[in-house]
Amino acid sequence: MSALPTIKQGDKFDVAVIGGGPIGLSTAYNLAKDGKKVVLLERSNFFHPSGSSGDLVRMLRSMYTEDFMADLAKETLGLWTELENDSAESLVWMGGLLNFGNPEYGAGGPEGTLNGPIENLIRLGMPYRQLDSKQIMDEFPFRNLPSTYEGLWSPDNGCINLPLLLRTLYRMCQSYGVQLVQQAPVTKMTPVGTDKVVIEVRLSGATNPVTIEAIKAAITCGAYTNHVLRPSFGFELDLDIWEMMYSYFSSNAGPQGTLFKSMWFQFEENNQDGTSNLFYGFPALPWGPANACRVALDDAKRKITDPDQATWKVEDADISLTRKFVEKHLPGLDPTPIFCGSALQTNVYDNMFVLDHIPQHPNIVVFTAGWAMKFVPLIGRILKELLVDGTTKYDISHFKITRGNNRMIKYLNPTTPTPTSSTTPLSSVTSPQTFSNAVPHPVLTQLFRAPSRTTTPGNFAPSVFSMRGYYANRCLSKAQAIKDAAHQLKASIHPAPQASPSDPLMAKQKCQKKFQDLNIGIIGAGMSGLYSGMILDELGIKYHILESNNTRIGGRIYTYKYSDKPFDYVDFGAMRYPEIPIMDRVIGQQHWSLFNKLKQKGHEIKTEPYHLSADNNIVYYNGKRIFSQDTLEKDPLFFADKNNGGLGTAVPDVFAEQPYSDWLYMVYDRFAKDLEDDFDTGFEKLMAADSHSTRSYLGNFDAPENLRVKGQATKGYPEPVISWCETMDSASGLYDQAFSESIMDYFDFSGQTWKCIDGGSVEMVKAMEKVIKGTISKGKRVTKISPTADKTQLTINVAGDPTPLTYDHVISTVPLSCLRKMNLKDLKMSHKKRVAIRTLHYDQSCKIAVRFAKRWWQDPTIMKGKHFKGGKSSTDLPLRTVVYPSYGVEDPNAPGVLIASYTWAQDAARIGALLPSNKAQLIDIVFANLAEIHDVSEQFLVDQLGGMSKDKAVQAWDWYDDGDSMGAFALYGPGQFSSLFPSLVKPEANGLFHVSGEGSSVHHGWVVGSLSSAYRAVDQILEHNGLVDKRIELREKWGTIEEADHPTGTVPKPDHAPGLRSFNISQLPDQLSMGAAGLMGHVPSKTHPFGFVPQGIRKGSAVGGFTY
């Protein structure tokens, strides 16, 4: 018997592969087959179970939600065949895969979604079947499944014979000359330039480590990857390692036995206690125990960060969940397991692979994480190509080690630089760079302004095109292109059967009607619903508005009036409107603006200037009081380390010495610079940022070379700096929402003047109610929407009404949070539309008003010479923002209705939790905070009530406490806009059901979003019915919008959009410098390279679109 292979001091190889699992073996096999001299080093014995390769079987599946994964899976199928041919072994038993379960199960799990793979299966020409709950139970041994369950079965999936695979790859490596060394843990790798790696190995039984050399190396040791990365490169990956349990259950033999014809996976939401409901299983295997089926939980109670922490014990909790599943749904199996086991599953934050070169080391590659057994032949080939050719023909862009702005990489030595394409050292901190001398970009200068113009039948381009609009249309175009390709391929493979009139389900019904015959159902009498009615009136189309609230209309436009006296009110909803082109649809002077339409019909809406900020507004943080015109330089509000106990106690001094806005603009301006240099490339970077929260991006962006803290380079800003920016700039927790929200507001909202409505925003609602001709029915809560039997109309069920209402189209204008209360099952909406309805975040907002007899803050004596009119004060106290009325500022007798607290996000959740049951406690907080901020006594404030009781003077409104809103405004989370928006705006139910409202607009959080989405829904109805003349009429009477779905699937370049013009710096000079409240006096203009003024923090509305 020959001795086992080993290595000796000084051995040299072309390539060293670290890790002898299936990925390492496949990599070594591919390299040796390519003629390379290869050594493979395994820390334990080959084929050991103490890693990710334990047990008998793994899934080979081709059903993926992500298109890039589906492409790789299709490619892998051929490589498995190639490996089987080369080895003369049958490694995979192709029996198909059944995915089944709750179709509402959302994205985010390790296996994607239930019906998500369908588009990819069509696109790739792979067969599949869809099953209902009964069919699943008829064809498979599952029982007691909910009637709502659906199934997706595809034959191009199979069971991998894992023991045979390992031994086959080992044998193939031997045959191609790989030196296979076991019991050889690698303790350190030392790169020498880019053509040599010195590898230190501690052989079993050896006293001293052995060092060998290789030109290149591959790290493929799975859960043990950090054992090599830490000592070799000074960083580790943020790995989440699951100790996954599996069990085998007896399926009995003979005709009464339980037969699974394929693998299966169940999709279901978590249990109420948070435990997983994801289960999977395999049929009895020809190479496994007789009549034994593996069933397991696709989760793990024990999750560790290092494989040395593994217990290798059976986790009773996981096995118990599996047994309960078997008892309930697989009664043909004996619920007592024959045996149980465990294996390690290595994950990263997005459940994807890490497959890349080590940063700055092109001769070293790494693979770990993900669910990779099914890709063994492909990954081995990719790693070979990366080492031999330096690149690969396969798309591995989603698996970069630095993705997510390096969020997976954790440095052990803080001085180690962040992975970049350059090794240039970073310099010491200086002021953030600006781009003051840039030349205006011809594309960007045309994005943001457009003149009024007359629309002609051939000119339907938007009159205003914002960055949000361009972004949305890019998303819509991409989604449409993918869908078109899938449909074309499906049509070429499976020609659609001819439908007969008696078989309405065989073909998509599209019953076009004349406009006089249409009857539209509109759910919700908020701004979007009322605006839809106004448009339909002018087009001569009938409609009916159903409003669930039985006392008022207007939705999130809500003006509370203390009395009928002038100025004695507060807007709990939308209250201010910037004078910018995007808002022309609301307050502009064009013939199609809402205010002009109402004026033409005899209902003029009067406005007053809204003072977003004013000199002497108070800024009160950390017990320190300054005023809005004061500078934030030199840390007057005591955020710095030096003012809080020394290094590491608060915000690093080097940051706090400058205004927080400087550090935000250093990040924001980089996007502006990228767009200026190359619009297309810059815009791709902007789209990529959608996957980040603001907190994530600020903490992980590639810092410029001028950023250094105490001689230590960082990837982004330290968390204390980010928290400081969030505290000053927005609301607690808002930085956890999408970074793209901040960036697009930065570009689009550039108004320096604002308006408010005299009498409150409710005056707008009153006027709209008076001019519309259709019926508004209050107290009509919709419970269900369904198609008629012939699929050409929709029926609406209303709570308490026995007879459903029937309409040709339905426009839902209610918030998605409220839409979720309705039964929409029969509409058969797309998966992404259902996900959007379930997951789109609606933020909290709470306003607390106090009615004083007079406006004491305007009195110079009371305010000690620091009096002011309008504007806002800000604080870190629970009230957070105090808003002073802008209306009636010149009337000495006007009552002072103060918004004592205007909060969002977590701030609103906490203070709103006191409503309504703890109002007395809330009142105490309000008066105590107001007194502290304004440096007056609580008794003084009580005296200013003019005899009114505190309980009556203090009125509050929490939008999450309103059952007809269930949230204040839509606020997309990271990745949601690009992934969900295209599906959200698409009609459903054969084009009869339309989602409207601000949440389905690019300008969500603004009244203009409600109006634009209503316009879009009406336009879709006209298009569906072939009413070309009416579409032209719509544009002639109501202008154009930027968020229309382009019929060709293309997006016009901003410089090609007809009617757009540039505007120069002199039209909107940026003459504002950052002061304590976001605004300061005149300073030399900071010219932006694009001829527009970003909104951002300079306009003081720290939350951009959420300025109600």
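**Exercise 1. Helix α11**

Determine how many of the residues of α11 are buried.

*Solution.* All counting is done on a predicted model. Of the 13 residues of α11, 13 are buried, so the helix is largely enclosed by the rest of the structure. Next, check the length. Helix α11 covers residues 527-539. From its first C-alpha to its last, α11 reaches 18 Å. The expected value at 1.5 Å a residue is 18 Å, and the helix is close to it. Finally, look just past the end. Gly-540 follows α11 with a positive phi of about 75 degrees.

**Exercise 2. Helix α1**

Test the span of α1 against 1.5 Å a residue, then describe its cover.

*Solution.* Helix α1 holds 12 residues, 22-33. The expected span is 1.5 Å times one less than the number of residues. For α1 that gives 16 Å, and the end C-alpha atoms are 16 Å apart, so the two agree. Now the cover. In α1, 11 of the 12 residues are buried. Among them are Pro-22, Ile-23, Tyr-29 and Asn-30. Just after α1 comes Gly-35, with a positive phi of about 95 degrees.

**Exercise 3. Thr-76**

Which residues does Thr-76 contact, leaving aside neighbours within four places in sequence?

*Solution.* Start with the location. Thr-76 lies in helix α2, residues 67-87. Its relative accessible area is 1%. The cut-off for buried is under 20%, so Thr-76 is buried. Next, the side chain. A polar atom of the Thr-76 side chain lies 2.7 Å from the backbone oxygen of Leu-72. Last, the contacts. With those neighbours left aside, Thr-76 touches Lys-374, Phe-375, Pro-377 and Leu-378.

**Exercise 4. Strand β3**

Sort the side chains of β3 by the way they point, and identify the bridge partner of Arg-58.

*Solution.* In a regular strand, side chains alternate between the two faces of the sheet. Strand β3 spans residues 57-60. Val-57 and Met-59 point one way. Arg-58 and Leu-60 point the other way. All four of these residues are buried. Now the pairing. Strand β8, residues 158-161, runs antiparallel to β3, and four bridges join them. Within β8, Ile-160 is the bridge partner of Arg-58.

**Exercise 5. Aromatic pairs**

Classify the pairs Tyr-621 with Phe-639 and Tyr-972 with Phe-977.

*Solution.* Two values describe a pair of aromatic rings: the distance of the centres and the angle of the planes. A search of the whole structure yields 52 aromatic pairs. Take Tyr-621 and Phe-639. Their centres are 6.1 Å apart, with 50 degrees between the planes, and the pair is tilted. This pair links distant parts of the chain, 18 residues apart. Tyr-621 belongs to strand β29, while Phe-639 sits in the loop between β30 and α14. Both Tyr-621 and Phe-639 are buried.

Now take Tyr-972 and Phe-977. The centres are 5.1 Å apart and the planes stand at 75 degrees, so the pair is edge-to-face. Tyr-972 is buried at 1% relative accessibility. Phe-977 is buried too, with a relative accessible area of 1%.

**Exercise 6. Clusters and charges**

Which residue has its charged end over the ring of Trp-153, and which over the ring of Trp-242?

*Solution.* For Trp-153, the residue is Lys-261, whose charged end is 5.9 Å from the ring centre. For Trp-242, it is Lys-303, at 4.3 Å. For a wider view of the rings, note one aromatic cluster: Phe-100, Phe-142, Tyr-149, Phe-260, Trp-264, Phe-279 and Phe-325.

Conventions:
Residues numbered from 1 in each chain as written. Predicted model: local features only at pLDDT ≥ 70, side-chain atom pairs only at ≥ 80, totals over all residues. Heavy atoms only, no water. Helix = DSSP H or I, 4+ residues; strand = E, 2+ residues; numbered from the N terminus. Buried < 20%, exposed > 50% of the residue type's maximum accessible area, 1.4 Å probe, protein only. Polar contact = N/O pair within 3.5 Å; in protein donor to acceptor, adjacent residues only side chain to side chain. Contact = heavy atoms within 4.5 Å. Phe/Tyr/Trp six-rings, centres within 6.5 Å; stacked < 30°, edge-to-face > 60°. Lys NZ or Arg CZ within 6 Å of the ring centre and 35° of its normal. Pairing = 2+ DSSP bridges.
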